Amino acid sequence: MTHLSGAERARYVQGMFGRIAGCYDLMNRLMTGGQDVRWRRYVIDRAQLPPGGRLLDLGTGTGDLALEALSRDDALRAVGGDFTVAMMRVGQRRPNGHRVRWAATDALNLPFPADHFDAVTSGYLMRNVVDVRRAWAEQYRVLKPGGRVVCLDTTPPARNLLRPFINFHLHVVIPTLGRLIAGASDAYTYLPDSTEGFLTAEALAERMRSVGFREVGFQRLMFGTMALHWGVK
Ligand SMILES: C[S@@+](CC[C@H](N)C(=O)[O-])C[C@H]1O[C@@H](n2cnc3c(N)ncnc32)[C@H](O)[C@@H]1O
């Protein structure tokens with residue numbers, strides 16, 4: 001499926017998340033040993049939202065990042081945007097799910113005005129979009145000047161001594177969990193394939209700069225298999 005492109009790939013991604021929506025949160029906790037909860041806190045730390053500010057969490061899925069942000073500020077206005085409605089339905093039923101403003105949204109054509117949000121976050125979105133540059137450009141457009149973008153995603157692992165262990169986790173542990181828990185091993189072979197086929201952390205940062213972001217930086221996490229990127233409009 002990583003060989004697919006354009007609308008065909010977008011449809012595949014949408015269908016896949018629609019099928020695994022019910023098990024998605026449990027799978028995340030199992031695959032990362034619960035570490036993803038901590039990384040999501042880093043994302044919201046980096047977003048530096050002002051009190052009562054406006055957040056867009058793009059590719060929000062079941063709303064993990066939006067809910068983390070809302071847990072810190074009662075007055076925050078958090079929009080969770082995603083093109084898979086089934087994922088957002090699961091999110092709506094979560095504690096405080098009613099506080100997120102859920103919006104059916106394509107990351108490549110955001111239905112929001114320019115200069116609107118104080119921060120745009122995304123968790124495991126950018127690897128899935130069919131046009132990375134356009135997705136960054138749209139996030140840049142809807143941010144206020146001075147607003148922050150923060151992105152958490154998997155990143156191609158480096159070739160080092162840990163590589164055999166990382167490969168085992170990616171190609172054996174994750175698809176097996178996917179088959180046993182979600183009944184969808186294809187969705188969890190897509191994850192390692194799309195990770196290995198994704199831009200390096202350096203190249204992703206370069207794309208951010210190319211649409212205008214400044215103060216771009218990144219940090220690798222989990223033995224270099226995840227990366228947190230940030231930038232300012
Ligand atoms: C791996 S899930 C991540 C969910 C959540 N952000 C998290 O951190 O767990 C990726 C989400 O991105 C959404 N997505 C992928 N491509 C998208 C696009 N072009 N526009 C909007 N959402 C998209 C999928 O529907 C899915 O819910």
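Me: What makes strand 6 and strand 7 count as a pair, and in which sense do they run?

Reply: Strand 6 and strand 7 are joined by six bridges in the antiparallel sense, and two strands pair if DSSP finds at least two bridges between them, so the six bridges satisfy the rule. The strands themselves, like the helices, are DSSP runs numbered from the N terminus (E and at least two residues for a strand, H or I and at least four for a helix). One facing couple in this pairing is G217 and W230, the latter in strand 7. The model is a predicted one, in which local features need pLDDT of at least 70 and side-chain atom pairs count only at pLDDT 80 or more, while totals for chains, interfaces and linings use all residues. Residue numbers start from 1 along each chain, as its sequence is written.

Me: Where in the hairpin of strand 6 and strand 7 is there a positive phi?

Reply: The hairpin has four residues between its strands, and M222 takes the positive phi there, near 45 degrees.

Me: How do you know that strand 5 and strand 7 pair as well, and how many bridges join them?

Reply: Strand 5 (residues 143-154) is joined to strand 7 (residues 226-232) by seven bridges, and the two run antiparallel. Across this pairing R148 stands opposite V232, while T154 faces M226.

Me: Why is strand 7 described as mostly covered?

Reply: Six of the seven residues of strand 7 are buried, a word used if 20 or more other C-beta atoms, placed from the backbone, lie within 10 Å of a residue's own; exposed means 12 or fewer, and partly exposed lies in between.

Me: What makes certain strands of the open sheet edge strands?

Reply: The sheet has seven strands in the order 3-2-1-4-5-7-6, with mixed pairing. Strand 3 (101-104) and strand 6 (214-221) are its edges, each pairing on one side only. From one strand to the next, the twist averages 15 degrees.

Me: How do you know that helix 6 packs on the sheet?

Reply: Helix 6 (residues 132-142) touches strand 1 (54-58), strand 4 (117-123) and strand 5, contact being declared if the C-beta atoms of two residues, placed from the backbone, lie within 7 Å. Its direction makes about 145 degrees with that of strand 5, on a scale from 0 to 180 degrees between N-to-C directions of axes fitted to C-alpha atoms, for helices over the stretch in contact.

Me: Why is M88 called buried?

Reply: M88 has 23 other C-beta atoms within 10 Å, and the threshold is 20 or more, so M88 is buried. M88 lies in helix 5 (residues 85-92) and touches T60, G80, D82 and W102, leaving aside residues up to four places away in sequence. The C-alpha atoms of M88 and A103 are 8.5 Å apart, although the two are 15 residues apart in sequence.

Me: Why is P113 called exposed?

Reply: P113 has 9 C-beta neighbours inside 10 Å, and the limit is 12 or fewer, so P113 is exposed. P113 is found in the loop between strand 3 and strand 4, and its C-alpha atom is separated by 6.0 Å from that of V142, which is 29 residues away along the chain.

Me: Why does N96 count as exposed, and why is Q48 called partly exposed?

Reply: N96 has 12 other C-beta atoms within 10 Å, a count that just meets the limit of 12 or fewer, so N96 is exposed. Q48 has 15 such neighbours, which falls between the two limits, so Q48 is partly exposed. N96 sits in the loop between helix 5 and strand 3 and has a positive phi near 70 degrees, whereas Q48, in the loop between helix 3 (35-47) and strand 1, has a positive phi near 45 degrees.

Me: Where does helix 7 bend, and by how much?

Reply: Helix 7 (residues 163-182) bends by about 30 degrees at H169, the bend being the angle between axes fitted to the seven residues ending there and the seven starting there. In the same helix L170, I174 and G178 are buried, and what covers the buried residues includes helix 2 (24-32) and helix 8 (187-196).
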